[in-house]
Amino acid sequence: MTRRFLFVLGSSRSDGNTELLARTAAEQLPADVEQQWIDLSAHPLPDFEDLRHDSDHVRPTEGNVALLLDATLAATDIVIASPLYWYSVSAHVKRYLDYWSGWLRTPGIDFKATLAGRTLWGVTALAHEETEVADPLIGTLGNSAAYMGMRFGGVLLGNGSKPGDVLKDTEALTRAKTFFAQRAPLARFPYEAA
């Protein structure tokens, strides 16, 4: 399968530090790798309604939910680009991940089996010098990948608060050059670690 990257932008600010860092990393991908960029603030999802125990799950055919479902299913690599908001992913990203719960039960798409073996990545900008404050965000993405049977490439961290600050973080820009070149391991829950 040809690699196809889906970049899910979760910031409430366009061209913010997280997006700048994600685009820097994406510039390093080979030219034959397809890229699709979806800004969740420009393609908002309605509040997620948990219908787990209802039987009328229907595949969406129009609107932002259908756009994101189709893009997610088509991707070999999903990149969650979310700024660190209150030490975790943004509300836009959390809503997108909540939709995964519904897609798990949507007939005819076999969502979990389709995503199994594919790769989840993260990119985030944070204002703290201490990167440990991003552990909840990293945990959210890593555990989501583990549940889905996906690979997890980790999270590319950059420092920045004001627009453009991340471009001064030379260490993050250096990591961005090789971030997507690594082979991501199969995700594991923390309790599965050897």
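A cavity is a set of grid points where a 1.4 Å probe fits but cannot get out. By that test, the whole of this predicted model contains one cavity of 30 Å³ or more.

**The cavity**

The largest cavity holds about 50 Å³ of space. Its lining consists of Leu-9, Gly-10, Ser-11, Arg-13, Ser-14, Thr-18, Glu-19, Asp-39 and Ala-81. Sorted by class, that lining has two nonpolar, four polar and three charged residues. Thr-18 and Glu-19 are among the lining residues, and both also appear among the buried residues of helix H1.

**Helix H1 and its surroundings**

Is helix H1 mostly covered or mostly uncovered? Helix H1, residues 17-26, is mostly covered, with eight of its ten residues buried. Those buried residues are Asn-17, Thr-18, Glu-19, Leu-21, Ala-22, Thr-24, Ala-25 and Ala-26. What do they pack against? Their partners are strands E1 (4-9), E2 (34-39), E3 (77-81), E4 (119-126) and E5 (151-159), together with helix H6 (170-176).

Val-123 shows one part of this packing from the strand side. Val-123 sits in strand E4. Val-123 is buried, because its relative accessibility is 1% and the cut-off for buried is under 20%. Leaving out residues up to four places away in sequence, Val-123 touches Thr-18, Leu-21 and Ala-22, along with Val-79, Ile-80, Ala-81, Ser-82, Val-155 and Leu-156. Thr-18, Leu-21 and Ala-22 are among the buried residues of H1. Ala-81, another contact of Val-123, also lines the largest cavity.

Leu-167 lies in the loop between E5 and H6. Leu-167 is partly exposed, with a relative accessible area of 44%. Not counting neighbours within four places in sequence, Leu-167 is in contact with Leu-20 and Leu-173.

**Helices H2 and H3**

Two packed helices are described by the angle between their axes and the distance between the axes. Helix H2 covers residues 63-74 and helix H3 covers residues 91-103. They pack at an angle of about 80°, and their axes are 11 Å apart. H2 is therefore roughly perpendicular to H3, since angles of 65 to 115 degrees count as roughly perpendicular.

Which residues make the contact? From H2 come Val-65, Leu-68, Leu-69 and Thr-72. From H3 come Tyr-96, Tyr-99, Trp-100 and Trp-103. Seven of these residues are nonpolar, one is polar and none is charged.

Leu-45 touches residues from both sides of this contact. Leu-45 is in the loop between E2 and H2. At 8% relative accessibility, Leu-45 is buried. Setting aside neighbours within four places in sequence, Leu-45 is in contact with Asn-64, Val-65, Leu-68, Arg-95, Tyr-96 and Tyr-99. Val-65 and Leu-68 belong to the H2 side of the helix contact, and Tyr-96 and Tyr-99 to the H3 side.

Arg-59 is also in the loop between E2 and H2. Arg-59 is partly exposed, at 34% relative accessibility. Apart from residues up to four places away in sequence, Arg-59 touches Leu-69, Asp-70, Leu-73, Thr-106 and Ile-109. Leu-69 is one of the H2 residues in the contact with H3.

**Sequence and space**

The table sets sequence separation beside the C-alpha to C-alpha distance for four pairs.

| Pair | Apart in sequence | Apart in space, C-alpha to C-alpha |
|---|---|---|
| Val-123 and Asn-17 | 106 residues | 9.9 Å |
| Leu-167 and Asn-17 | 150 residues | 7.8 Å |
| Leu-45 and Thr-2 | 43 residues | 28 Å |
| Arg-59 and Arg-3 | 56 residues | 25 Å |

Asn-17 appears with Val-123 and again with Leu-167. Asn-17 is one of the buried residues of H1.

**Backbone angles in two loops**

Most residues other than glycine have a negative phi. Which sign does phi take at Asp-15? Asp-15 has a positive phi of about 55°, although it is not a glycine. Asp-15 is in the loop between E1 and H1.

Tyr-87 also has a positive phi, of about 70°, and is not a glycine. Tyr-87 is in the loop between E3 and H3. Its relative accessible area is 36%, so Tyr-87 is partly exposed.

Notes
Residues numbered from 1 in each chain as written. Predicted model: local features only at pLDDT ≥ 70, side-chain atom pairs only at ≥ 80, totals over all residues. Heavy atoms only, no water. Axes fitted to C-alpha atoms, helices over the stretch in contact; angles between N-to-C directions. Helix = DSSP H or I, 4+ residues; strand = E, 2+ residues; numbered from the N terminus. Parallel < 35°, antiparallel > 145°, perpendicular 65-115°, else oblique. Contact = heavy atoms within 4.5 Å. Nonpolar A, V, L, I, M, F, W, Y, C, P; charged D, E, K, R; others polar. 1 Å grid on protein atoms, 1.4 Å probe; cavity = no way out; pocket = protein on both sides within 12 Å on 5 of 7 lines; lining within 4 Å. Points joined across faces, edges and corners; volume = space filled by probe spheres on them. Buried < 20%, exposed > 50% of the residue type's maximum accessible area, 1.4 Å probe, protein only.
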